[in-house]
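Reader: Please take one close look at the empty space in this structure. Keep it brisk, and give me the cut-offs as you go.

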Amino acid sequence: MNLDFEQPIIELEQKLALMKSQLGANDNQNPAISTAIKTLEDEILKLKKETYQNLTRWQKVQLSRHPDRPYTLDYIENICDEFIELHGDRNFSDDLAMVGGLGTIEGKSIMFVGQQKGRNTKQRQLRNFGMANPEGYRKALRLMKIAEKFNKPIVTLIDTPGAFPGIEAEQRGQAEAIARNIQEMFKLKVPVICIIIGEGASGGALGIAVGDQVLMLENAWYSVISPENCSAILWRTWDYKEQAAQALKLTAQDMLGFKLIDGIIPEPLGGAHTDPLSAYQAVKQAILQTIDNLEKISPQERISQRIDKFDNMGVVNE
Amino acid sequence: MAWFNRKEQGITTPTTEKKETPDGLWYKCPECKYLTPSSEHKYYAYTCISCGYHERIGSQEYFEILFDEEQFTELDTNMYSADPLQFVDSKPYPKRIATTMDNSGLKDAVRCAYGKMNGIDITVACMDFGFIGGSMGSVVGEKIARAIEYALQHKTPLIIISRSGGARMQEAGYSLMQLAKTSAKLALLAEAKVPYISLMTDPTTGGVSASYAMLGDFNTAEPKALIGFAGPRVIRETIGKDLPKGFQTSEYLLEHGFLDFIVERKNLKAKYTALLKMLK
């Protein structure tokens with residue numbers, strides 16, 4: 001699938017493909033033709049750089065939701081040497097919108113937790129579009145406590161349009177489950193790294209996003225509300241989603257500028273889905289590097305730094 | 001024929017000769033239309049003596065209800081909102097803040113104070129729905145964090161009275177992080193074993209319910225308050241069905257295990273006092 005702003009790039013790429021397909025057997029030796037191809041390739045690269053380095057906030061939101069974008073389990077399965085998925089909250093059920101388990105990267109055991117989206121209609125339903133119910137947050141907390149018990153670092157991968165707004169979710173205490181997670185994550189004695197890999201919407205995201213280091217992928221977004229819902233509330237229609245995205249300043253670059261996150265993991269040109277392998281590699285390196293840094297700090301110091309960091313978030317006049 | 005029967009039909013007094021009843025002498029319950037003298041309405045803690053309807057009151061009224069002889073000291077009285085995002089929707093955020101300040105006489109959606117409740121030292125943070133729907137931005141987060149800090153330093157029990165539609169959109173990412181900030185502070189308070197009572201009033205939804213409102217040692221609510229994570233409209237739109245009767249009310253939450261008890265406002269002070277005395 002291509003996004004609207006990618007159209008000019010697609011057209012040039014099609015032109016290049018056509019040019020190459022029409023090459024005769026001996027045309028490779030023809031300097032004029034190879035120069036033409038080279039020129040076109042350069043032009044494409046230049047246009048790509050211009051496009052992707054100057055995306056509007058709404059265009060980044062579109063990229064963050066690209067249907068080919070790697071999801072939580074894609075990252076886990078591709079960066080871990082081994083992964084054992086762990087299920088259930090021990091109270092109610094196993095929420096498939098929230099996944100987790102123990103994995104190893106270069107011999108190091110890590111507890112992973114994250115929201116999972118589905119790639120086709122059936123999967124999307126099964127994963128509830130990455131919108132967890134209370135049992136999902138409780139499952140996440142259970143796994144994080146296991147990690148703490150066995151002194152293993154925690155990596156959470158955030159990708160959700162929000163916590164599920166449904167009758168059963170309210171009945172089983174969505175608000176309480178999220179509040180509990182936020183509070184308990186401050187007390188975890190092991191290193192906690194949170195990475196927003198796609199969408200980070202509101203309390204549903206924050207419910208697994210309190211950490212020593214909170215990182216965002218370059219084209220992810222993170223805010224108090226989605227641009228659509230913001231538009232619906234402030235302008236009473238969904239039509240102002242682009243303005244809403246602009247006003248919310250929800251990109252990784254914005255959030256880093258506000259010091260509301262700790263770092264950005266670069267994505268391949270065009271987004272993580274254009275070259276998933278290098279996206280996995282970047283995330284893997286970021287995880288290893290960050291754990292290494294965090295393990296040099298004592299648990300008490302990590303906890304107090306974690307609390308101080310969030311305590312300093314906010315701008316007021318007085 | 002009874003002596004009081006009207007002989008002539010229709011009211012004949014010209015409008016110009018009608019005497020107006022001065023405003024504020026009577027309170028008319030919006031639920032059951034029962035009329036009460038305002039002084040009596042205040043005596044019953046702004047609840048209807050006929051049907052028990054709890055009027056949506058603000059911090060000033062709660063402080064007067066809870067603190068002995070209406071005596072209290074307010075904390076951080078000068079804090080007001082900044083505009084870190086230069087947020088503009090139908091009007092610029094600073095303008096919205098200024099207008100709301102003028103109309104409400106408040107600086108933001110929470111006021112914090114300490115004083116005595118039946119002789120017990122307490123710290124109270126109370127939200128005002130009249131200030132942009134009681135929404136939580138940096139000021140609400142910071143003031144609540146400092147109130148928690150005050151309770152922690154002085155080892156006084158903490159009461160937070162929530163009445164909010166959720167996080168404030170105009171401060172976007174900053175608003176979201178106030179959930180984390182207040183919850184972190186409450187973790188420190190809990191560690192110091194200082195009691196915290198959360199009172200949820202109508203309405204308590206969104207980011208406020210998903211942080212400090214649900215994190216009390218004791219989660220309590222006024223009768224018939226709307227309490228939930230997602231608002232009823234959002235849920236209705238998502239599932240495309242009507243919601244069950246009584247859904248997301250205090251009574252519903254009590255039934256599903258998320259409240260310790262529901263307390264009528266006129267019993268609030270006595271009940272909280274009794275509870276805190278048992279913890280001494």
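**Pockets, cavity and contact**

Author: The second largest pocket has a volume of about 310 Å³. A pocket here is an open set of points on a 1 Å grid over the protein atoms alone, with a 1.4 Å probe and protein on both sides within 12 Å along at least five of seven lines. Volume is the space filled by probe spheres set on the points, which are joined across faces, edges and corners.

The model is predicted: local features need pLDDT of at least 70, side-chain atom pairs need 80 or more, and totals for chains, interfaces and linings use all residues. Residues are numbered from 1 along each chain, chains are lettered from A and ligands numbered from 1 as written, and side-chain values use heavy atoms without hydrogens or water.

Stay with the second largest pocket. Its lining (residues with an atom within 4 Å of a point) holds 14 residues. Nearest its centre lie B:Glu31, B:Tyr53, B:His54, B:Pro223 and B:Lys224. Eight lining residues are charged, four nonpolar and two polar. Charged covers Asp, Glu, Lys and Arg; nonpolar covers Ala, Val, Leu, Ile, Met, Phe, Trp, Tyr, Cys and Pro; the others, Gly among them, are polar.

Now the largest pocket. Its volume is about 1800 Å³. It is lined by 49 residues, and the closest to its centre are A:Ile225, A:Asn229, A:Ile233, B:Arg233 and B:Val234. Several elements give two or more residues to this lining. From chain A come strand 5 (192–201), helix 9 (202–206) and helix 10 (227–234). From chain B come helix 3 (93–104), helix 5 (172–191), helix 6 (206–209) and helix 7 (232–239). Elements are DSSP runs numbered from the N terminus: helices are H or I with at least four residues, strands E with at least two. Helix 10 of chain A gives the most, with five residues. By class, 21 lining residues are nonpolar, 19 polar and nine charged.

Next, enclosed space. There is one cavity of 30 Å³ or more; in a cavity the probe fits but cannot get out. The largest cavity holds about 90 Å³. Its lining has 13 residues, with A:Glu170, A:Gly173, B:Met214, B:Gly228 and B:Leu253 closest to the centre. Helix 8 (174–187) of chain A supplies three residues, the most of any element. Strand 10 (227–228) and helix 8 (250–255) of chain B each supply at least two. The lining divides into seven nonpolar, four polar and two charged residues.

A:Glu170 also matters to the area count between the chains. With A:Ile167 and A:Asn317, A:Glu170 supplies 14% of the area that chain A buries against chain B, more than any other three residues. Together the two chains bury about 4400 Å², 73% of it on carbon and sulfur atoms. That is the accessible area (1.4 Å probe) lost on putting the chains together, summed over both. The contact (heavy atoms within 4.5 Å) takes 48 residues from chain A and 57 from chain B.

One last site lies in chain A. A:Asn219 is in the loop between strand 6 (213–217) and strand 7 (221–223). A:Asn219 counts as buried (under 20% relative accessible area, 1.4 Å probe, protein chains only) because its value is 4%. Beyond four places in sequence, its contacts are A:Leu55, A:Lys60, A:Leu63, A:Ser64, A:Arg69, A:Glu267 and A:Gly271.

How values were computed. Buried means under 20% relative accessible area, exposed over 50%, partly exposed in between (1.4 Å probe, protein chains only).
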